[in-house]
Amino acid sequence: MAPAPNPDLRSRRSHRAILDAALELAARDGYAKVTVEAIAAAAGVGKQTIYRWWPSKAAVVLEAVNDRTGSFSGVPDTGDVAADIAAAARAVIEAVGTELGTIWRGLVADAQGDPRLAESLRADFMEPRNKAWQDRLDKAVAAGELRADVPSRTMVELLFGPVYYRLLLGTDPLDPDNTTTRVDYLLNGLRAR
């Protein structure tokens with residue numbers, strides 16, 4: 001007699017197939033063209049399976065992006081704030097230079113009309129990174145590396161805003177090789193005098 005199928009194993013396989021299909025379709029066709037129906041068909045599951053785990057296409061794709069990028073592991077702290085910022089900005093630029101950047105643009109665009117997605121992007125993705133950078137920059141302020149009269153939250157926005165500006169609006173290419181120079185330009189206005 002054959003052993004009974006393991007529903008947990010089947011669920012894990014379905015979950016993985018859905019995340020993989022969502023990323024593949026969003027990268028190939030563009031986020032806007034992806035539908036729950038297309039994800040279900042590509043993953044070999046029913047649409048109901050997706051809706052049992054996620055409320056929308058955006059939620060599936062966001063989880064797939066987070067799954068691909070891995071959990072946030074904090075910010076660098078080598079003791080050299082300029083080098084730490086440049087390394088982090090370079091890593092962001094390299095990550096968004098892949099299909100993930102295209103998908104991310106679609107998620108951000110969708111978030112403008114989807115308050116749940118917008119809150120999820122802020123709370124689950126941006127805020128942990130913002131908080132970690134605020135803590136790192138507060139440490140640099142305490143060490144006399146940065147000005148004390150600029151709130152660390154504003155510093156984070158000044159440091160990483162240009163990357164997202166270029167990513168989301170396509171004003172200029174994102175160049176990881178130019179990161180150190182750009183950080184230098186910016187920090188000349190933030191350094192302690």
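Ser71 sits in the loop that links helix 4 to helix 5, in what is a predicted model. With a relative accessibility of 71%, Ser71 counts as exposed, because the cut-off for that class is over 50%. Its C-alpha atom is 9.6 Å from that of Phe125, although 54 residues separate Ser71 and Phe125 along the sequence. Phe125 itself belongs to helix 7, where it is among the buried residues.

Helix 7 is a good place to continue. Helix 7 spans residues 115-142 and packs against helix 6, residues 99-111, with the two axes 7 Å apart and at an angle of about 130 degrees. That angle falls between the limits of 115 and 145 degrees, so helix 6 and helix 7 are oblique to each other. On the helix 6 side, the contact is made by Trp104, Leu107, Val108, Asp110 and Ala111; facing them from helix 7 are Pro115, Leu117, Ala118, Leu121, Phe125 and Met126. By residue class, this contact comprises 10 nonpolar residues and 1 charged residue, with no polar ones.

Met126, one of the helix 7 residues in that contact, also marks a kink of about 50 degrees, which lies shortly before the proline Pro128. Buried residues of helix 7 include Leu117, Ala118 and Leu121, as well as Arg129, Asn130, Ala132, Trp133, Gln134, Arg136, Leu137 and Ala140. An α-helix has 3.6 residues a turn, so residues three or four places apart point the same way. The buried residues of helix 7 are covered by elements that include helix 4 (57-69), helix 5 (81-96), helix 6 and helix 8 (152-169).

Turning to the N-terminal part of the chain, the unreviewed UniProt entry lists residues 12-72 as "domain: HTH tetR-type". In the model, this span is 75% helix and 0% strand, and its end C-alpha atoms lie 22 Å apart. The UniProt record, again an unreviewed entry, also carries the annotation "DNA-binding region" for residues 35-54. For residues 35-54 the composition is 75% helix and 0% strand, with 13 Å between the end C-alpha atoms.

Two residues give a closer look at the packing here. Ser14 is placed in helix 1, which covers residues 7-29. Its relative accessible area is 17%, and Ser14 is therefore buried, the limit being under 20%. Beyond its neighbours up to four places away in sequence, Ser14 touches Val45 and Trp53. Val45, for its part, lies in the loop between helix 2 (36-43) and helix 3 (47-53). A relative accessibility of 17% means that Val45, too, counts as buried. Outside the four-place window, the contacts of Val45 are Ser14, Ile18, Ala40 and Ile50. Of these partners, Ile18 is 27 residues from Val45 in sequence, while the C-alpha atoms of Val45 and Ile18 are 7.9 Å apart in space.

Finally, the chain as a whole can be summarised. The protein chain contains 9 helices and 0 strands, so that, read from the N terminus, the order of elements is α-α-α-α-α-α-α-α-α. Along the principal axes, the C-alpha atoms fill a box of roughly 75 × 40 × 30 Å. The chain has 193 residues, of which 36% count as buried. Among contacts between residues at least 6 apart in sequence, 67% join residues at least 24 apart.

Notes:
Residues numbered from 1 in each chain as written. Predicted model: local features only at pLDDT ≥ 70, side-chain atom pairs only at ≥ 80, totals over all residues. Heavy atoms only, no water. UniProt positions renumbered as here; feature names shortened; annotations may be inferred. Helix = DSSP H or I, 4+ residues; strand = E, 2+ residues; numbered from the N terminus. Buried < 20%, exposed > 50% of the residue type's maximum accessible area, 1.4 Å probe, protein only. Contact = heavy atoms within 4.5 Å. Axes fitted to C-alpha atoms, helices over the stretch in contact; angles between N-to-C directions. Parallel < 35°, antiparallel > 145°, perpendicular 65-115°, else oblique. Nonpolar A, V, L, I, M, F, W, Y, C, P; charged D, E, K, R; others polar. Bend = angle between axes of the 7 residues up to and from the residue.
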